[in-house]
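Reader: I have the model open at the bench. Walk me through its enclosed space and its symmetry.

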Number of protein chains: 2
Amino acid sequence: MTFLQQEIYDQPAAIRRLLQAETGTVATVARAIRDFDPTFVMIAARGTSDNAARYAQYLMGIKTGLPVALATPSVFTLYDAAPTLARALVIGISQSGGSEDIRRVIEGARSQGALTLAITNTPSSPLAETVAYHLYLNAGKEQSVAATKTYTTELTAIAMLVTALTDQATDQETLLALPNWVEQTLHMSDPIASWIERYRYANHIASIGRGYNYCTAFEISLKIKELCYITGEEYSEADFRHGPIAIIQPGFPVIVVAPQGKPLPLQIDLLKKLKEKAAECLVISNVDDLAGYAQKMMPLPDKLPEWISPVCAVIPGQCFAMHLAQAKGHAIDTPEGLQKVTNTV
Amino acid sequence: MTFLQQEIYDQPAAIRRLLQAETGTVATVARAIRDFDPTFVMIAARGTSDNAARYAQYLMGIKTGLPVALATPSVFTLYDAAPTLARALVIGISQSGGSEDIRRVIEGARSQGALTLAITNTPSSPLAETVAYHLYLNAGKEQSVAATKTYTTELTAIAMLVTALTDQATDQETLLALPNWVEQTLHMSDPIASWIERYRYANHIASIGRGYNYCTAFEISLKIKELCYITGEEYSEADFRHGPIAIIQPGFPVIVVAPQGKPLPLQIDLLKKLKEKAAECLVISNVDDLAGYAQKMMPLPDKLPEWISPVCAVIPGQCFAMHLAQAKGHAIDTPEGLQKVTNTV
């Protein structure tokens, strides 16, 4: 068994460990945020962790009313500039905690008086040691270069933090049920292996999400690029319509992330348009009716609340990318030209 | 002559019109911003205008110290949430001013007391009528579906605003010289037509920028998608290394935007790595030494200051996309499946 497969299947246990181990820390951080009362949030992250930051943009914006900016680390590292962050909550997300550019953003923010938080899987990392507060993912060692369980635990950590801030009992219950939902999603994703060969020679794939699952489209596309070396397009349903939809020719494979939730009518409308263009749609959803638009359905558990659905909805995409890489005969745990820790400046 | 070609070649004149007509309005807006003293900026935009917003993220962050967030309009339109924007400058950018989601963000912000500004090419549009301040692009009617002169005037409007805020005489001189630089870049881009056929059957292209020209990589990639219907990848040099670089196989065409400026050493390092991978690099630069890494050079004027270079650096990309669409025999002004005004919610 590859590390990647082990790590994908370790996700329910990893999320359970995080929920059990860090509830106290999360409560402390939430108190600090309430006391600090930030006017906005800035998040610095790269790659997979940047996709977790996209989730935070929606979850914090919608549930806590905090506007969230994604940082542009170059502003700090290349141009030696320091945007005013004294009233901001500044969060660095990185599994390794080792990327120098992310650390520089946090360091700059802290020296201005910002409230700083790191979310990492490496408590002894430079990033974790730069911040006022650290949330440890408890994901266990991730050995595959393509991140999976550190991504879903990053999403969970963000969900825990927002739930602690909003203090809604139903959201707390949802969080406790999350490991079971993730487990169900893994089982529901087993059939992907049986039909993956259809895509052996696909040389491009688009992924479309909207709202909470905007991040899911990006993360699935990234996994496919990293593991399968094929070009991917990742868009929100709205941005996709503003131009990139022009690339869709008959047979173009498009993964549409469309769980039950607010963007569903828009995603259905997009599926209709893609059907007109004779695209080949792969649909990740718990809405059975969408099967009529889908060459392949990748199902999700029923009654999954939309706000937490990104933790589950990425899983069929992880499995799809893993099986496709296997069908292509690629090295699963060590994709060509990538390292586990990428140190950019 | 197609509308697209006319509009690409109208860019020096359009920018000159904007500089002449709106200096007074820009000064008024700059005063309003100074008086309001925002803690951060939020920009709502889609498609090409979102790439102009990416430029603003860097330019405002570096020159004025204002942190800039790109809005997630769904938070307002789909989830009916309203992040706290009372202390923010909220800017909507849209050539048509017609997209309902952008208008909703601005309306929500204004009702909270935010300072609001629209940058459009349509003064009578719903967006322009929702805001406290409006900056009119003076680009003249843009008839081609693929936006070109509205993009470069959007960039110029942002540059004018930041220059009014920082009040540096050298930056003011740079702005006045901009139409000439744009004109020079257009002339320097003429040879592209003579070698474009090499890419007639390219079915994917990546575009990489960093820092100020992060937006350029995104906008060139969008033009290629809209006009040529081929998949594109657009990344910052740093994000590209965090995974997507795995897709680069021998012969993969990569447009590298690498003008003189702070990110140049990083872009050179990337070019070395791409050469190792036997990628086919097309380099947009005013650094002659880079020719050794390039299958094709797309030159820029000498001594172009980096901060204003995105207005010029996109032009070879616009020409590349236009000529490639011609070589492919596509309808230039009316790409399949796109409309000039895309109304998303």
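Reader: What volume does the largest cavity have?
Author: The model is predicted, so local features need pLDDT of at least 70 and side-chain atom pairs 80 or more, while totals for chains, interfaces and linings use all residues. Residues are numbered from 1 along each chain, chains are lettered from A, and side-chain values use heavy atoms without hydrogens and water. A cavity is a set of points on a 1 Å grid over the protein atoms alone where a 1.4 Å probe fits but cannot get out; points join across faces, edges and corners, and probe spheres set on them fill the volume. The largest cavity comes to about 950 Å³.

Reader: Which element gives the most to its lining?
Author: Lining residues have an atom within 4 Å of a point. Helices are DSSP runs (H or I, at least four residues), numbered from the N terminus. Contributors of at least two residues include helix H10 (214-228) of chain A and helix H3 (48-63) of chain B. With six residues, the top contributor is H3(A).

Reader: How many of the lining residues are charged?
Author: Asp, Glu, Lys and Arg count as charged; Ala, Val, Leu, Ile, Met, Phe, Trp, Tyr, Cys and Pro are nonpolar, and the others polar. The lining holds 46 residues, with A:Arg54 and B:Arg54 among those nearest the centre. Nonpolar residues number 20, polar 13 and charged 13.

Reader: What axis relates the chains?
Author: Copies are superposed by least squares on C-alpha atoms with pLDDT of at least 70 in both. Chain B fits chain A with an RMSD of 0.0 Å after a turn of 180 degrees and a shift of 0.0 Å along the axis. That makes it a two-fold axis.

Notes
1 Å grid on protein atoms, 1.4 Å probe; cavity = no way out; pocket = protein on both sides within 12 Å on 5 of 7 lines; lining within 4 Å.
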